[in-house]
Amino acid sequence: MSSGFRSDLKIIVIGTSGTGKTSFVNKWTKNIFSDTYKATIVSEFGFKIFEQDGKLYRIQLWDLAGQDKNAMVTKIFAKDAHGCVVMADATNAQTREDTLRWKGSVDEVATFLDGGKLPCLLVENKADLLEDPSAEKCPELEEFGNGNGFCGSFRTSAKTGLNINESMEYLIKNIIQRMEAMQSKGNEVFNTNRKSVTLDAEKHTEIAAQKRKNKDGCC
Ligand code: GDP
Ligand code: MG
């Protein structure tokens with residue numbers, strides 16, 4: 001395996017409040033889950049190292065607040081993102097409809113490095129609460145995702161871990177594939193923005209910690 005990172009990749013997680021964005025990020029990055037709900041105030045992020053073909057990628061998974069008033073936050077964070085998870089709640093049909101608005105706000109401001117749309121993965125979480133266990137596969141969801149420009153769709157459970165790794169792996173591979181295609185045309189796309197993105201992330205964690213302190217018990 002080669003040493004060092006090939007690239008930092010920034011992925012944002014957006015969607016209606018309560019769908020499980022924070023839980024998804026915590027499950028994927030730390031393998032933890034909590035039943036207690038605490039609304040995310042602005043944003044937090046988790047890191048994870050991903051390996052493909054002997055190359056290492058540092059994935060920053062940004063968990064953004066889901067309140068409508070924070071749609072502006074989404075737009076700011078989407079600008080230099082490499083990809084996006086748009087989350088719905090499998091037990092709440094309205095949240096699937098909501099994903100179109102969330103994806104729309106990303107498409108409005110962000111493009112991928114190749115000038116195309118940002119890879120957006122549709123994730124319907126809380127699949128463990130569905131009565132029919134076979135509902136983990138959902139042709140309707142797939143159709144909805146394909147028909148609305150998502151790069152793929154999964155049903156997940158941050159509680160049981162169902163499809164958490166699979167969905168992230170799918171999205172990351174999609175991102176890397178598009179970057180490889182650019183690289184093969186002579187564009188230097190890997191590790192061009194690592195430093196600034198990382199510094200941003202560190203600064204943001206500090207700010208989020210401060211906010212938590214100030215609003216004790218609220219977030
Ligand atoms: P966010 O507002 O989108 O960040 O949602 P949270 O991650 O804070 O989750 C909201 C609530 O749903 C919390 O009480 C979580 O414990 C719960 N939750 C999140 N994911 C799942 C899941 O996959 N299954 C179940 N049963 N509950 C979940
Ligand atoms: Mg949250």
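How many nonpolar, polar and charged residues are there in the lining of the second largest pocket? The points below take up this question and then turn to ligand 1, and they should be read with the reminder that the model is a predicted one.

1. The lining of the second largest pocket has, by class, four nonpolar, two polar and four charged residues. The charged residues can be picked out by name, for Glu136, Lys137, Glu142 and Arg155 are among those that line this pocket, and the lining also includes Cys138, Pro139, Leu141 and Phe154, as well as Ser153 and Asn163.

2. The space in the second largest pocket comes to about 200 Å³. Two elements, helix H4 (139–147) and strand E6 (152–155), each supply at least two residues of its lining.

3. Around ligand 1 there are 19 residues, of which Gly18, Lys21, Ser23, Ser34 and Asp128 come nearest. Sorted by class, this shell has four nonpolar, 10 polar and five charged residues, and helix H1 (residues 21–30) gives the most to it, with three residues.

4. Several short distances link the protein to oxygen atoms of ligand 1: one such atom lies 2.8 Å from a polar backbone atom of glycine 18, and an oxygen atom of the ligand is 3.0 Å from a polar backbone atom of glycine 20. With lysine 21 the side chain is involved, since an N or O atom there is 2.7 Å from an oxygen atom of ligand 1. On its own, ligand 1 has 580 Å² of accessible area, and the protein covers 91% of that area.

Definitions and conventions:
Residues are numbered from 1 along each chain as its sequence is written. Chains are lettered from A and ligands numbered from 1 in the order in which they are written. This is a predicted model: local features need pLDDT of at least 70, side-chain atom pairs count only at pLDDT 80 or more; totals for chains, interfaces and linings use all residues. Side-chain values use heavy atoms; hydrogens and water are left out. A residue is near a molecule or strand if one of its heavy atoms lies within 4 Å of it. A polar contact is a pair of N or O atoms within 3.5 Å; within protein, one must be able to donate a hydrogen and the other to accept it, and residues adjacent in sequence count only if both atoms are side-chain atoms. Accessible areas come from the Shrake-Rupley method with a 1.4 Å probe; for residues, only the protein chains shown count as cover. Helices (H or I, at least four residues) and strands (E, at least two) are DSSP runs, numbered from the N terminus. On a 1 Å grid over the protein atoms alone, a cavity is a set of points where a 1.4 Å probe fits but cannot get out, and a pocket is an open set with protein on both sides within 12 Å along at least five of seven lines; lining residues have an atom within 4 Å of a point. Grid points are joined across faces, edges and corners, and a volume is the space filled by probe spheres set on the points.
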